[in-house]
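Student: I have a new model open and want to learn how to read it. Can we work through it feature by feature?

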Amino acid sequence: MTRQTSPIGANASLTPLNEANLAQLNSQVSAPQYDRSRLKPRIVHVGVGGFHRSHEAFYTDELLRNDRSSDWGICGVGLREADEKIASVLKRQDYLYTLIIRHPNGTVESRVIGSIVDFLLGCHDPESVIEQMASPDTQIVSLTITEGGYNIDAATGEFNWNHPDAQHDLQNPTTPKLVFGFLTEALKRRRARNLPAFTIQSCDNIQHNGDLTRKTVLGFARKQDPELATWIESNVCFPNAMVDRITPVTTQDDMDYLVQEHQLCDEWPVTCEPFCQWVVEDHFSAGRPAWESVGAQFVPDVGPYEKMKLRLLNAGHSVLGILGSIHGHRTIDGCVGDPLFATYLRQFMDAEVTPVLDEVEGIDLETYKDTLLERFGNPNIKDALSRICLESSSKLPVFLIPTIQDNLARGGRIELATLVIAAWCFYSDKQVDQHGNPLEIIDELKQPLHQAAAATRKDPLSFLEVTEVFGDLIQNERFTKQYVSMVETLYETTDIASIMEDLLQSGNDPN
Ligand code: CS2
């Protein structure tokens, strides 16, 4: 086989990543040895971001490497115009990409993942996506659509049917925009064709992600065809799952690393930490890969695992993300390298989160928290706070606000979490750190949050009036009293570190 070289003339020995070049890769790059041509797109995955590529696609690649008889391939799907880039990069690379696993001690593993075998763009060709989902090959449709993709209004806890895309999908079921529209139409066709249902498997950071997906898909189906809804109810499984692997945004440095170390030209590799966890409920409508043979855990009830991970890891990220951004930190490892932030995070976990968690079988919470701090501190994972703070309006109602609510209900401590809400108000209002450097805020609710936050001087509770984020938190006097005093101090001093220090001090105070 002749090696295809890169058109970049300056470095004639650069190898572009594609199927034809797999056998020629530098021996330090671990390439799939299995025959990709016999894989079937049995999994359709919606949302092929970094996380899917470091997690489900990685587990599936590992399985294919270990079991040559397995033919579980993945067809990636993007639904938005923003997915055009990943669609074209993956196509050029025969759907291959490199996973760069960076260990804390500096060891780096580069591994080409081969489990994705196709990619479709729903925004350009919805029919192709619906038909792929409706194909007899498809046994699982999995989703990484982000917390916001579930479109839940925190004020009601329900799907927001007023969303223009939801209205569009109900009126145009064969050209949908939202994943729920695609799923409903595909299931409708499977039922009409007497094909078995597929499993819908959420891989997002949401408590009871499967149950929530089920509720929304049933809602869509009911509004169109109640009999279809009944069929879905008895045929489609929606396993809940806890997913975990820290996956920062890919940077130019990642691409340069592959070029320099391995003469490999990958247009969109993914970097991640070595840690990886997937805990899934074992309800599948039409079979599943033997992911347990490559480390996934199948359990009867994922609830306690999900809650532990969302409330400690994801909320921990948000605590560092918002407080750290105001302080002027840029990355998660930068934050935990600062003793004040590391201590604050640990106290938040110990004093406010641990008391509201349930027993988690086989997990010692103290060890779990120690491991989180080590993972966050991995100096080779430069996880930017801008990624963590991205779409905070759909993260905090899942990661942090429920802990405040639980503690309000049980008379537990709320101070450390409340400062994060007060700081988020300041962050949304000022949009700069305390040194005046601009903060890059990407959030669907950026404008309404900014407006509400900017009115704080006149009405200290104005930020909490964004009820689609805060629900009825504004009604709780204990919370609002604490919140107002923190907002006032923050606006007066703008010194987040000294407020954090004071809180830690008062938390240690025996009185
Ligand atoms: C992060 C997550 O988005 C966030 O704010 O907390 O992406 C986190 O890195 C992953 O859930 C880790 O499994």
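Student: How many bridges join β2 to β6, and are the two strands parallel or antiparallel?

Tutor: This is a predicted model, so read every value as a property of the prediction. β2 and β6 run parallel, joined by two bridges. For a concrete contact, look at Ser30, whose bridge partner in β6 is Arg111.

Student: Which residue of β5 has Arg111 as its bridge partner?

Tutor: That is Leu99. Arg111 of β6 is thus a shared point: Ser30 is bridged to Arg111, and Leu99 is bridged to Arg111 as well.

Student: How do β5 and β6 run, and how many bridges hold the pair?

Tutor: Check direction, then count. β5 (residues 97-102) and β6 (residues 108-113) are antiparallel, with six bridges. One of the contacts links Arg102 to Val108 in β6.

Student: What sits between the strands of that hairpin, and which residue there takes a positive phi?

Tutor: Five residues separate β5 from β6. Gly106 has the positive phi, near 100°.

Student: What is the strand order of the whole sheet, and which pairing does it show?

Tutor: Read across the sheet, not along the chain. The order is β2-β6-β5-β14. These four strands make an open sheet with mixed pairing. You have met both senses already: β2 with β6 is parallel, and β5 with β6 is antiparallel.

Student: Which strands are at the edges?

Tutor: β2 (29-30) and β14 (270-272). Each of these pairs on one side only.

Student: Next sheet. What is the order of the five-strand sheet?

Tutor: It reads β7-β4-β3-β8-β11. This sheet is open too, and its pairing is parallel. β7 (116-121) and β11 (199-202) are the edge strands. Each has a single partner strand, so one side of each lacks a neighbour in the sheet. From one strand to the next, the twist averages 25°.

Student: Where can I see one pair in detail?

Tutor: Take β3 (residues 40-46) and β4 (residues 72-78), which pair in the parallel sense over five bridges. Val44 stands opposite Cys75 in β4. When you inspect side chains, keep one rule in mind. In a regular strand they alternate between the two faces of the sheet.

Student: Which annotations does UniProt give, and where?

Tutor: Treat a record as a label, then compare it with the model. The unreviewed UniProt entry places "domain: Mannitol dehydrogenase N-terminal" at residues 42-292. That span is 37% helix and 22% strand, with its end C-alpha atoms 18 Å apart. The unreviewed entry also places "domain: Mannitol dehydrogenase C-terminal" at residues 301-490. There the chain is 65% helix and 0% strand, and the end C-alpha atoms are 42 Å apart.

Student: What volume does the second largest pocket have, and which domains contribute to its lining?

Tutor: Start with volume, then ask who lines the space. The volume is about 210 Å³. Domain 1 (15-299) and domain 2 (303-506) each supply at least three lining residues. Among the lining residues are Arg102, Asp253, Tyr257, Asn380 and Lys382. Arg102 is familiar: it bridges to Val108 in β6. Helix α9 (residues 252-262) gives the largest share of the lining, three residues. By class, the lining has five nonpolar, three polar and four charged residues.

Student: How many cavities of 30 Å³ or more are there?

Tutor: Three. The largest cavity has a volume of about 50 Å³. Its lining includes Trp424, Tyr427, Asp443 and His450. The elements that give two or more residues to this lining are α17 (415-430) and α18 (446-454). The lining divides into four nonpolar, three polar and two charged residues.

Technical notes: Residues are numbered from 1 along each chain as its sequence is written. This is a predicted model: local features need pLDDT of at least 70, side-chain atom pairs count only at pLDDT 80 or more; totals for chains, interfaces and linings use all residues. Side-chain values use heavy atoms; hydrogens and water are left out. On a 1 Å grid over the protein atoms alone, a cavity is a set of points where a 1.4 Å probe fits but cannot get out, and a pocket is an open set with protein on both sides within 12 Å along at least five of seven lines; lining residues have an atom within 4 Å of a point. Grid points are joined across faces, edges and corners, and a volume is the space filled by probe spheres set on the points. Ala, Val, Leu, Ile, Met, Phe, Trp, Tyr, Cys and Pro count as nonpolar, Asp, Glu, Lys and Arg as charged, and the others, Gly among them, as polar. Domain bounds come from an automatic or database domain assignment. UniProt positions are given in the numbering used here, feature names are shortened, and annotations may be inferred rather than shown by experiment. Two strands pair if DSSP finds at least two bridges between them. Axes are lines fitted to C-alpha atoms, for helices over the stretch in contact, and angles run from 0 to 180 degrees between N-to-C directions.
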